[in-house]
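Here is my note on the model you sent. The points are numbered so that you can reply to them one by one.

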Amino acid sequence: MADILSANAVQGRAPGHLCQKGEILDLERLRHSTAHVMAAAVCRVFDGVQLDIGPSTSDGFYYDFDLAHRITPEDFPAIEAEMSRIIDADIPFERVEVSRQQAAEMLRGQTYKLERLADIPADASITFYRCGDFADLCRGPHLERTGQIKAFKLLSVAGSYYRGLETNPMLQRVYGTAAATPKELKAILKLQEEAKQRDHRRLGRELDLFSMQEDVGPGLIHWHPRGARIRCLIEDFWRQEHFRGGYEILYTPHIGRAGLWETSGHLGFYRESMYAAMEIDNAAYYLKPMNCPFHIQVYKSHKRSYRDLPLRWAELGTVYRYEKAGVLHGLLRVRGFTQDDAHIFCAPDQITGEIKRTLRFAISILRSFGFENISAYLSTRPAKAVGADENWADATAALEQALQELEMDYQVDAGGGAFYGPKVDLKIQDAIGREWQLSTVQFDFNMPERFDVTYTGADGQEHRPYMVHRALLGSLERFFGILVEHYKGAFPLWLAPEQVRVLPLTDMQLDYAQQVVDNLREAGVRTGLDATSGKIGAKIRGAQVQKIPYMLIIGPREADAGLVAVRSRAGGDEGPCTPDEFAARIRHEAVPQTAGDPAAARTDAAARA
RNA sequence: GCCAACGUAGCUCAGUCGGUAGAGCAGCGCAUUCGUAAUGCGCCGGUCGUCGGUUCGAUUCCGACCGUUGGCUCCA
């Protein structure tokens with residue numbers, strides 16, 4: 001069983017890109033020290049505080065506490081004021097190395113800290129950092145003095161299980177951030193504000209793209225006409241590229257008998273993510289959480305020869321998975337979604353070529369959506385795994401060789417693969433530098449075994465093919481959410497649901513405007529007409545707010561001369577031209593970023609070779 | 001699922017120390033016919049998330065539920 005949509009779960013994180021590389025360490029030190037100051041302040045403001053840990057993060061810091069008082073944002077001013085007092089006092093941070101026994105003595109009554117102490121290996125040194133009357137078990141490093149903290153802010157408070165385990169007590173985590181200067185702090189807060197402006201949930205409502213409905217259920221997406229139009233464009237492009245790239249497309253059912261899911265192993269290992277069975281004619285059927293068993297059924301529908309391989313079968317397959325209520329998040333984490341799934345069945349000697357081809361294909365598709373900054377992660381065999389060692393070695397080598405031949409930088413997550421096979425994940429960076437995992441390419445040594453998938457080799461014997469699962473965009477819902485944030489709702493021309501809006505100056509120009517609209521629509525341009533009676537400024541504003549790429553303004557001058565006055569979303573007034581000239585320009589511009597690009601075509605041809 | 005906060009018109013929000021609510025935008029109507037980011041006037045619109053409890057009376061207090069939001073392995 002391959003969960004090719006573990007990507008569904010991964011949230012974007014802003015890397016610490018506000019600073020230069022060499023400064024990252026200093027920033028971590030600053031933030032970690034600020035976390036200590038916050039902990040000291042919380043201990044002063046409230047009684048009976050149990051401390052856990054307080055690390056720096058990619059964009060700030062947090063500290064976990066356990067105390068009777070429920071901390072709310074209303075407590076922040078008091079905590080921040082106390083922090084400021086500690087900073088103004090310019091207290092030194094002192095590193096103190098102690099014996100385990102001394103440490104236990106110093107941590108008396110601090111149950112979490114004592115457990116953390118017990119985690120420290122016997123041969124490691126144990127250090128405390130003392131800052132005035134506050135000392136914390138800590139590896140460091142820290143600033144020299146609290147006075148070096150120039151800018152900080154507490155941001156939020158949230159529950160957090162001790163050690164992240166549901167069975168452990170819930171602690172209170174206070175998040176904050178700190179920067180070298182007030183100006184840099186302002187920049188961080190501004191970035192957060194920018195992220196808020198881009199939030200796909202907000203833009204989804206404002207641009208009328210999609211919604212969730214309480215009457216239907218959480219985590220279930222309704223695509224409105226504008227969002228659905230964009231999805232269609234994505235899907236059309238996706239299908240076209242897949243056919244060009246040597247794939248065939250499958251459609252498979254949404255439910256299947258219990259026996260299928262027994263064989264696949266899903267009922268054994270994945271049951272808690274599946275919805276309860278429904279009974280049909282005295283047999284149990286399950287809604288599909290993955291597509292792979294169905295693709296295997298198609299494979300097994302008749303005998304396969306080595307001459308048939310490789311088989312590349314893709315499907316925009318809608319799956320349903322139970323996700324805990326608290327983890328649902330807009331389009332990024334949902335309960336029903338459509339994977340851009342594919343399964344590749346190939347002979348062992350074909351794997352390197354197939355992997356290379358798949359990665360190249362993935363990169364080409366991602367670039368088409370404006371993602372240029374792509375990084376790769378290779379996950380290798382975990383301790384517990386199925387499949388022969390030599391298969392793992394082959395597959396891992398194929399992944400690695402492909403990455404090297406494509407000259408891709410990649411990080412290795414040793415032992416990070418699934419029990420059924422190694423994988424490569426691709427992450428992209430969006431317009432404001434946040435990283436998102438989209439593509440995943442996973443070997444599966446489990447499923448072919450379970451379903452006894454074979455092909456007849458040249459030797460007349462039955463052989464086990466390699467099976468690769470891959471998703472490029474992950475889920476269409478999640479990918480769409482990321483795209484909305486990446487483009488801030490201002491979709492490029494080829495994806496814009498309404499590419500052009502015609503704005504007559506007065507209704508004297510309505511007839512001519514309608515004629516222009518009809519002609520553009522005839523030419524395949526997605527065109528709208530603003531027939532309201534407001535001033536032209538209001539119509540322009542309406543189109544700008546809806547982020548429509550082009551406006552065609554038609555007053556008496558244009559109507560008389562058979563022209564249109566072009567205004568672009570980004571560039572403003574661009575002057576008049578004829579409707580035909582404009583249509584030609586649109587045709588030229590409304591293409592994916594790499595389509596028609598000779599370099600991309602070469603990549604594609606190479607991939608087919 | 002767990003912790004916390006929140007839920008008032010389609011959207012963004014105000015308000016009620018318990019006596020059944022208001023604005024802007026959107027929508028609709030009328031007037032306006034205007035040259036590159038908001039024309040004016042009027043109208044419509046809410047069982048104050050749902051259910052139950054306390055009360056003469058609940059949108060307001062209490063409880064349960066539903067939903068939303070921020071988090072829940074970035075290691076002392």
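1. I start with a pocket. H1 gives the largest share of the lining of the second largest pocket, namely 5 residues. This helix spans 23–45, and H4, strand S5 (126–131) and strand S6 (134–137) also each supply at least two residues of that lining. Please keep in mind throughout that this is a predicted model.

2. The volume of the second largest pocket is about 700 Å³. Its lining has 26 residues, and those nearest the centre of the pocket are His-32, Leu-137, Cys-138, Arg-139 and Gly-140. Sorted by class, the lining has 11 nonpolar, 8 charged and 7 polar residues.

3. Leu-137 deserves a second look. Besides being among the residues nearest the centre of the second largest pocket, Leu-137 is one of the residues that come nearest to RNA strand B. A backbone N or O atom of Leu-137 is placed 2.3 Å from a sugar or linking oxygen of RNA strand B. I would quote that distance together with the reminder that the model is predicted.

4. Now the surroundings of the RNA as a whole. There are 55 residues around RNA strand B, and along with Leu-137 the nearest are Pro-55, Ile-120, Ser-533 and Arg-541. The surface near the strand has 21 nonpolar, 19 charged and 15 polar residues. On the RNA side, 53% of the atoms within 4 Å of the protein belong to sugar or phosphate, and the rest to bases.

5. Which element gives the largest share of the surface near RNA strand B? It is H16, with 6 residues. H16 covers 536–545, and the elements that each supply at least two residues of this surface also include helix H4 (111–119), strand S7 (151–161), strand S8 (170–179) and helix H17 (556–561). H4 therefore appears on two lists, as it also supplies at least two residues of the lining of the second largest pocket.

6. Two further contacts with the RNA can be named. Gly-159 has a backbone N or O atom 3.1 Å from a base oxygen of RNA strand B. Arg-567 instead uses its side chain, where an N or O atom is 2.9 Å from a sugar or linking oxygen of the strand.

7. Salt bridges come next; the whole structure has 36. One of them joins the side chains of Arg-44 and Glu-82, at 2.9 Å from N to O. Arg-44 lies in helix H1 and Glu-82 in helix H2 (residues 76–88), so this pair ties together parts that are 38 residues apart in sequence. Arg-44 is partly exposed, with a relative accessible area of 40%, whereas Glu-82 is buried at 11%.

8. Two other pairs have different settings. Asp-389 and Arg-381 meet through their side chains in a salt bridge of 3.1 Å, N to O. Asp-389 counts as exposed at 54% relative accessibility, and Arg-381 is partly exposed at 32%. In the salt bridge between Arg-434 and Asp-430, the closest N and O atoms are 2.9 Å apart, and both residues are buried.

9. Salt bridges also form a network, which links Arg-231, Glu-235, Asp-236, Arg-239 and Glu-477.

10. Is Arg-321 buried or exposed? Arg-321 is buried, because its relative accessibility is 2% and the limit is under 20%. Arg-321 sits in the loop between strand S15 (311–320) and strand S16 (336–346). Its side chain has a polar contact of 3.3 Å with the side chain of Tyr-270.

11. Enclosed space should be mentioned too. There are 2 cavities of 30 Å³ or more in the structure, and the largest cavity holds about 100 Å³. It is lined by 13 residues, with Arg-226, Gly-489, Pro-497, Gln-546 and Lys-547 closest to its centre. The classes in this lining are 7 nonpolar, 4 charged and 2 polar residues.

12. Last, the overall figures for chain A. It has 609 residues, of which 50% count as buried. Its secondary structure comes to 19 helices and 28 strands. Along the principal axes, the C-alpha atoms fill a box of roughly 85 × 75 × 50 Å.

Technical notes: Residues are numbered from 1 along each chain as its sequence is written. Chains are lettered from A and ligands numbered from 1 in the order in which they are written. This is a predicted model: local features need pLDDT of at least 70, side-chain atom pairs count only at pLDDT 80 or more; totals for chains, interfaces and linings use all residues. Side-chain values use heavy atoms; hydrogens and water are left out. A residue is near a molecule or strand if one of its heavy atoms lies within 4 Å of it. A polar contact is a pair of N or O atoms within 3.5 Å; within protein, one must be able to donate a hydrogen and the other to accept it, and residues adjacent in sequence count only if both atoms are side-chain atoms. Helices (H or I, at least four residues) and strands (E, at least two) are DSSP runs, numbered from the N terminus. Ala, Val, Leu, Ile, Met, Phe, Trp, Tyr, Cys and Pro count as nonpolar, Asp, Glu, Lys and Arg as charged, and the others, Gly among them, as polar. On a 1 Å grid over the protein atoms alone, a cavity is a set of points where a 1.4 Å probe fits but cannot get out, and a pocket is an open set with protein on both sides within 12 Å along at least five of seven lines; lining residues have an atom within 4 Å of a point. Grid points are joined across faces, edges and corners, and a volume is the space filled by probe spheres set on the points. A salt bridge is a side-chain nitrogen of Lys or Arg within 4 Å of a carboxyl oxygen of Asp or Glu. Buried means under 20% relative accessible area, exposed over 50%, partly exposed in between (1.4 Å probe, protein chains only).
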